[in-house]
Amino acid sequence: MLFSVTQILIASAIVLLSFIAYLYSDVIRARRKLAWVPQIPRVPFLGSIFELGDLSRILSDFLRITNNVKKMAYYEVGNKWVLVVKNYDLLEFILTSTSTSLLTKSKDYVSFQPWLGNGLLTAPGPKWKKRRKVITPAFHFSILEQFVDIFESNLDILIKKLENEAVGKPKTDLVPYITTCTLDNICETAMGVRIEAQSNKNQDYVNAVKDFSKIAMARAFSSWKTNDLLFKFSKEYKLQNRNMELLHGLSNSVIEKRKQELQNNKNVESLEENSLGKKKKLAFLDLMLKSTIDGQPLTQEEIREEVDTFMFAGHDTTSWAIAVALYLLSNHPEVQKKVREEQREIFGKKRDRTVTYQDLQNMKYLEVVIKETLRLYPSLAMIGRLATDDINFKGNIIPKNTLMTLFIFGINRDPDYYENPEEFKPERFLDSTGKHPYAYIPFSAGPRNCIGQKFALLEVKSTISGIIRNFELHPTNPTHKLQISSEAVLKSLNGIMVRIEKHKWE
């Protein structure tokens, strides 16, 4: 007997409603368990999308919704639920936990997996622990010390470019200059190859890095592009595939070449001492090629994942920190003067002498300037974790599959921990007595903190030091105001503009 059209429509509606009920049953359970958290207004099925704006507004939106006694908020998007946290106690609880239930990154990081796979940034808790143990020695100070020459070499190119193209102009956007310099640094330290981004070479690779970062972040905040099947119908999917072919192609070719060199004993000295008994420079890639997990060497894919992760995580983050620190110095001449005085104490009359690792360690005032910069403008405004089980926090439940957004930008500016938190005041870090460590987390904290923070600080110091020794930075007229947007890292939608003049070192 044939079914009538009406019966078919009714049956279809029942199936659809049953499917929707199945999808949202977890949301409803989560909503009940999170009743102790201030909840953002929502509409059926769509959640809180009308309460939250686009990426350009996400920081102000998160500041607004966490501006309550509990300093946290719960919102829904589709069938996902998110806990936004700037509550000190909960941040400390999450970040210090060694439980695999709290060590897994949130599902938002899936957007980065086409490029980074299961590298250190995106790996789930158990795999992350093994990778972290293997990679930690790569950031020993004896290894980092050997990168100083690379930083200085690329800094020389940057200084010449600024002399030729920026000095005397009413305004210069620092972003393209600093970004290509840090990309040169990361390629040479991570893979041992020079891509000469500052000389406008390998622009396809440079552009692929930028494009991928934009696509990945747009996916993370999209209500439908996070779905792999639906994403394939978007225009960004084809662009991402082209980018992946280029990015993975370069990484794989460099890895294969390095492997072959080692097998042929042509590059043995790069992993051993030279004739003078001094360690030669080690690329991060060299160390990965030597590493083992459970007695087995890393596969080419595993090595590529970590090299690509280092490329991604150590490129835009440092360029942002450098550029925004220089911007703040241009607008605070009294702070810039103190930074330059410290440089004079270290270098005397020999401004252009070879910079040493110890020189960079001695830049204590510059270090607090960088700390204050990252308090106000952390490279990562937020990080995500996933509760892989129900979590008990002070008698309250954070249900399984909760996406937790740890709001770094918010806690770093909390007036409960910082007097006049919107002010740029490096001196606040000269005395750390009584400070709350989890109210300053630009590199995250706890076991899953940023493994490359010492590398980043070294590179940022090196670059700012060189620029301050060669140039005077001034605000533009009218004064440039940053238009902050939270992408993969913080960005200024209107660039980072300063006025640059040559400095006479006497």
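The crossing of helices H9 and H20 is right-handed, and in this predicted model the two helices pack at an angle of about 135°, with their axes 12 Å apart. That angle makes H9 oblique to H20. On the side of H9 the contact is formed by Ile178, Thr182, Asn185, Ile186 and Thr189, while H20 contributes Phe455, Glu459 and Ile467. Sorted by class, the residues of this contact comprise 4 nonpolar, 3 polar and 1 charged.

Helix H20 also packs against helix H15, and here the axes come within 10 Å and cross at roughly 40°. With this angle, H15 is oblique to H20, and the crossing in which H15 passes H20 is right-handed. The residues that meet are Thr318, Ala321, Ile322, Ala325, Leu326 and Leu329 from H15, together with Ala456, Glu459, Val460, Thr463, Ile464, Ile467 and Ile468 from H20. The contact of H15 with H20 contains 10 nonpolar residues, 2 polar residues and 1 charged residue. Two residues of H20, Glu459 and Ile467, thus appear both in the contact with H9 and in the contact with H15.

The interior of the model can be described next. The largest nonpolar core holds 150 residues, and the members that touch the most other members are Phe62, Tyr75, Phe112, Phe284, Met311, Ile464 and Ile467. Helix H15, which spans residues 316-331, supplies the largest share of this core, namely 10 residues. Ile467, one of the core members just named, touches Leu155, Leu158, Leu162, Ile178, Leu326 and Leu473 when residues up to four places away in sequence are not counted. Among these partners, Ile178 belongs to the H9 side of the contact with H20, and Leu326 belongs to the H15 side of the contact with H20.

A further pair of packed helices is H12 (residues 235-263) and H14 (residues 300-313), which meet at an angle of about 120° with their axes 10 Å apart. At this angle H12 is oblique to H14, and the crossing of the two helices is right-handed. His248, Ser251, Asn252, Ile255, Glu256 and Lys259 of H12 make the contact with Gln300, Ile303, Arg304 and Asp308 of H14. By class, the residues of the contact between H12 and H14 are divided into 2 nonpolar, 4 polar and 4 charged. Glu302 also lies in helix H14, and with a relative accessible area of 25% this residue is partly exposed. Apart from neighbours within four places in sequence, Glu302 is in contact with Arg131 and Pro297. The C-alpha atoms of Glu302 and Val37, which are 265 residues apart along the chain, are separated by 40 Å.

Arg499 lies in strand E13, which covers residues 497-502, and its relative accessibility of 28% places Arg499 among the residues that count as partly exposed. Although Arg499 and Leu473 are 26 residues apart along the chain, their C-alpha atoms are separated by 5.9 Å. When neighbours within four places in sequence are left aside, the contacts of Arg499 are with Lys169, Pro170, Glu472, Leu473, His474, Pro475 and Thr476. Leu473 therefore links two parts of this description, because this residue is listed as a contact of Arg499 and is also touched by Ile467, while Arg499 itself counts as partly exposed at 28% relative accessibility.

Several details of the backbone were also noted. Asn477 and Pro478 are joined by a cis peptide bond, with omega at about 0°, and Pro478 is found in the loop between strand E10 (471-474) and strand E11 (484-486). Glu196 is a residue other than glycine with a positive phi, near 55°, and it is found in the loop between helix H9 (174-190) and helix H10 (203-220). Ser444, which is not a glycine either, has a positive phi of about 65° and is found in the loop between helix H19 (408-412) and helix H20 (453-470). The accessibilities of these two loop residues fall into separate classes: Glu196 is partly exposed, with a relative accessible area of 32%, whereas Ser444 is buried, with a relative accessible area of 14%.

Conventions: Residues are numbered from 1 along each chain as its sequence is written. This is a predicted model: local features need pLDDT of at least 70, side-chain atom pairs count only at pLDDT 80 or more; totals for chains, interfaces and linings use all residues. Side-chain values use heavy atoms; hydrogens and water are left out. A nonpolar core is a set of buried Ala, Val, Leu, Ile, Met, Phe, Trp, Tyr and Cys residues joined through side-chain atoms within 4.5 Å. Buried means under 20% relative accessible area, exposed over 50%, partly exposed in between (1.4 Å probe, protein chains only). Helices (H or I, at least four residues) and strands (E, at least two) are DSSP runs, numbered from the N terminus. Contact means heavy atoms within 4.5 Å. Axes are lines fitted to C-alpha atoms, for helices over the stretch in contact, and angles run from 0 to 180 degrees between N-to-C directions. Angles under 35 degrees count as roughly parallel, over 145 as roughly antiparallel, 65 to 115 as roughly perpendicular and the rest as oblique. A crossing is left-handed if the near helix is turned anticlockwise from the far one by less than a right angle, and right-handed if clockwise. Ala, Val, Leu, Ile, Met, Phe, Trp, Tyr, Cys and Pro count as nonpolar, Asp, Glu, Lys and Arg as charged, and the others, Gly among them, as polar.
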